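Student: I would like to take a close look at a single part of this structure and understand how its pieces fit together. Could you guide me through that part slowly?

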Amino acid sequence: MEIKYDHSEVAWSEFRIFLERLILQSKAKRICEVGGGANPVLGLDFILENDLQYTVIDISSEELDKAPSNYHKIQADMAAEDFSLSGEFDLIFSKMLAEHVKDGKAFHKNIRKLLAINGLALHFFPTLFALPFVANRLIPEIITTKLLRILQSGRSKSGRKGKFPAYYHWCRGPIQSQIKKFENLGYVVDKYIGFYGHGEYYRKVPFIKNMHDVLCKNLIKYPIPVLTSFAYVVLKNKQ
Ligand SMILES: C[S@@+](CC[C@H](N)C(=O)[O-])C[C@H]1O[C@@H](n2cnc3c(N)ncnc32)[C@H](O)[C@@H]1O
């Protein structure tokens, strides 16, 4: 297992590249994005160029309807207890979905039901115990929305918490207990990358932003896994 740390800006800017590289390296052809909703990650050009079969699954038909019609879409709750879909995907991935499911165990178990033997799962999600996400989890929405408006510039008034409530269940960086949970479900943890920083929250407050940047640099050098802000995890479906 490879465990690495980097800056959260890299997590956001490199996700599509990381995913495309993983698809090409693993020669995956049958790809599924869960929680892709209105914005599937892979473009139709990449899909056609590499002869991929690409399915987007989302709980919300309203979100799926917003994605271009030439994507293959399925409406399903990936964390359902009575999950009935089955599949043989070579690679399943999610971006900013895992924090929205109430039951992380059911979610990752259901993903396994859709994976071929030795198939890969890649998830990109925010992690506890980064300060803003702890606040988002614990403080009532009315207060977090006001706080965000004070700290951030240009944030829309509606916010996103109401639309997609976040629970952060099973959303941790590369800590031993989280790795064990994946292993207990029958996955091999191939890569776990923890990302530090949530500087976008402090754009309006340079003093805090500077302290935050220094702290991030030090955390990347001397990592404390419980303090990551985001993570990528690559899981392999064991035989
Ligand atoms: C924050 S949005 C992220 C959308 C997209 N991946 C992105 O990064 O722009 C979360 C998405 O996950 C979907 N979602 C939430 N819970 C889900 C579940 N249990 N099963 C499947 N999709 C779910 C929502 O409908 C929404 O489209």
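Student: Which strands does helix α8 lie across, and at about what angle does it run to β1? Please start there and then follow the sheet beneath your answer.

Tutor: Please keep in mind throughout that this is a predicted model. Helix α8, which covers residues 206-221, lies across β1 and β7 (187-196), and it runs at about 165° to β1. Lys-217 has its place in this helix, and because it has 13 C-beta neighbours inside 10 Å, it counts as partly exposed. Although Lys-217 and Ile-3 are 214 residues apart along the chain, their C-alpha atoms are separated by 17 Å.

The two strands that the helix lies across belong to an open sheet of eight strands, whose order is β1-β7-β8-β6-β5-β2-β3-β4 and whose pairing is mixed. The edge strands are β1, with residues 2-7, and β4, with residues 72-75, and each of them pairs on one side only. From one strand to the next, the twist averages 15°.

We can now go through part of that order pair by pair, beginning at β1. Strands β1 and β7 run parallel and are joined by six bridges, and one place to find this pairing is at Asp-6, whose bridge partner in β7 is Phe-195. Strand β7 then pairs with β8 in the antiparallel sense over eight bridges, with Val-189 standing opposite Leu-235 in β8. Leu-235 is worth keeping in view, since Ala-121 also stands opposite this residue of β8. That brings us to the pairing of β6 (residues 115-126) with β8 (residues 230-237), which is antiparallel and extends over seven bridges. Continuing along the order, β5 (residues 89-95) and β6 pair in the parallel sense over six bridges, and in β6 the bridge partner of Lys-95 is Phe-124.

Strand β6 deserves a pause of its own. Nine of its 12 residues are buried, so this strand is largely enclosed by the rest of the structure. Asn-118 is also found in β6, yet it counts as exposed because it has 12 C-beta neighbours inside 10 Å, and 12 or fewer is the cut-off for that class. The backbone of Asn-118 is notable too, with a phi near 70°, a positive value in a residue other than glycine. Most residues other than glycine have a negative phi. Lys-27 has a positive phi as well, near 60°, but Lys-27 lies in the loop between α1 (8-26) and β2 (30-34). Lys-27 is exposed, because 9 other C-beta atoms lie within 10 Å of its own.

Finally, we can connect these strands to the nonpolar core. The largest such core has 49 residues, and those with the most contacts inside it include Ala-121, Leu-122, Ala-231 and Tyr-232. Tyr-232 touches Ala-11, Phe-18, Leu-122, Phe-124 and Ile-193, leaving aside residues up to four places away in sequence. Among these names, Phe-124 is the bridge partner of Lys-95 that we met earlier, while Ala-121, from the core, is the residue that stands opposite Leu-235.

Notes
Residues numbered from 1 in each chain as written. Predicted model: local features only at pLDDT ≥ 70, side-chain atom pairs only at ≥ 80, totals over all residues. Pairing = 2+ DSSP bridges. Helix = DSSP H or I, 4+ residues; strand = E, 2+ residues; numbered from the N terminus. Axes fitted to C-alpha atoms, helices over the stretch in contact; angles between N-to-C directions. Contact = placed C-beta atoms within 7 Å. Core = buried A, V, L, I, M, F, W, Y, C linked by C-beta atoms within 7 Å. Buried ≥ 20, exposed ≤ 12 C-beta atoms within 10 Å, placed from the backbone.
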